[in-house]
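Morning, everyone. I have one structure to walk through today. Let me put it on the screen.

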Amino acid sequence: TESSITTEAEPWVQKIGQILVANPNMAVTIEGLSMTGNLDLPAQQATAVSSALQRLEIAPERITALGKDGNLKEGVVIKIHPKFDEFYSMVKDNMKNSN
């Protein structure tokens, strides 16, 4: 079904999970991309990856899953990044301290 990941994707998702476990200050954004403008399927795909990561003990507050218009691209894009709220706080504090 659309709401589960394929067996081929399992090792890939496990590697993403290992990166997130090793980097607890990082978060992940999962974007399902569609060329057709129908965002239901890509949102379901992104949610399936999110659920798989949560089964690997990644906290749901570290995960953002969404469907997006991919223009001429389809598939799932994974972006690992700092937790933005913590990152901006750190930058703001550094800016204040440097003045």
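One definition before we start: helices and strands here are DSSP runs, at least four residues for a helix and at least two for a strand, numbered from the N terminus. And keep in mind that this is a predicted model.

Let's begin with the strands. E1 covers residues 26–34, and 7 bridges join E1 to E2. The two strands run parallel. Take one register point: Leu33 has Lys68 in E2 as its bridge partner. How does the chain get from E1 to E2? It passes through H2, and this β-α-β crossover is right-handed.

Now H2 itself. It spans residues 40–55. That is 16 residues, reaching 22 Å from the first C-alpha to the last. The span expected at 1.5 Å a residue is 22 Å, so the helix comes close to expectation, given that the expected span is 1.5 Å times one less than the number of residues.

Which residues of H2 are buried? Pro42, Ala46, Ala48, Val49, Ser50, Ala52 and Leu53. A reminder on helix geometry: with 3.6 residues a turn, residues three or four places apart point the same way. Now the cover. The buried residues of H2 are covered by elements including helix H1 (10–22), E1, E2 and E3.

Next, backbone angles. Just after H2, Glu57 takes a positive phi of about 75 degrees. Glu57 is not a glycine. It lies in the loop between H2 and strand E2, residues 63–69. Is Glu57 buried or exposed? Exposed, because its relative accessible area is 70% and the cut-off is over 50%.

There is another one. Asn71 has a phi near 55 degrees, again positive in a residue other than glycine. Where does Asn71 sit? In the loop between E2 and strand E3, which is 75–82. Asn71 has a relative accessible area of 59%, so it counts as exposed.

Last stop, Asn94. This residue lies in helix H3, residues 84–98. Its relative accessibility is 47%, so Asn94 counts as partly exposed. How far is Asn94 from Leu39? They are 55 residues apart in sequence and 39 Å apart in space, C-alpha to C-alpha.

To recap. E1 and E2 are parallel. The crossover through H2 is right-handed. Glu57 has a positive phi, and Asn71 has one too. That's my tour. Over to you for questions.

Definitions and conventions:
Residues are numbered from 1 along each chain as its sequence is written. This is a predicted model: local features need pLDDT of at least 70, side-chain atom pairs count only at pLDDT 80 or more; totals for chains, interfaces and linings use all residues. Side-chain values use heavy atoms; hydrogens and water are left out. Buried means under 20% relative accessible area, exposed over 50%, partly exposed in between (1.4 Å probe, protein chains only). Two strands pair if DSSP finds at least two bridges between them. A crossover is right-handed if, with the strands pointing away from the viewer, the path from the first strand over the helix to the second runs clockwise. Contact means heavy atoms within 4.5 Å.
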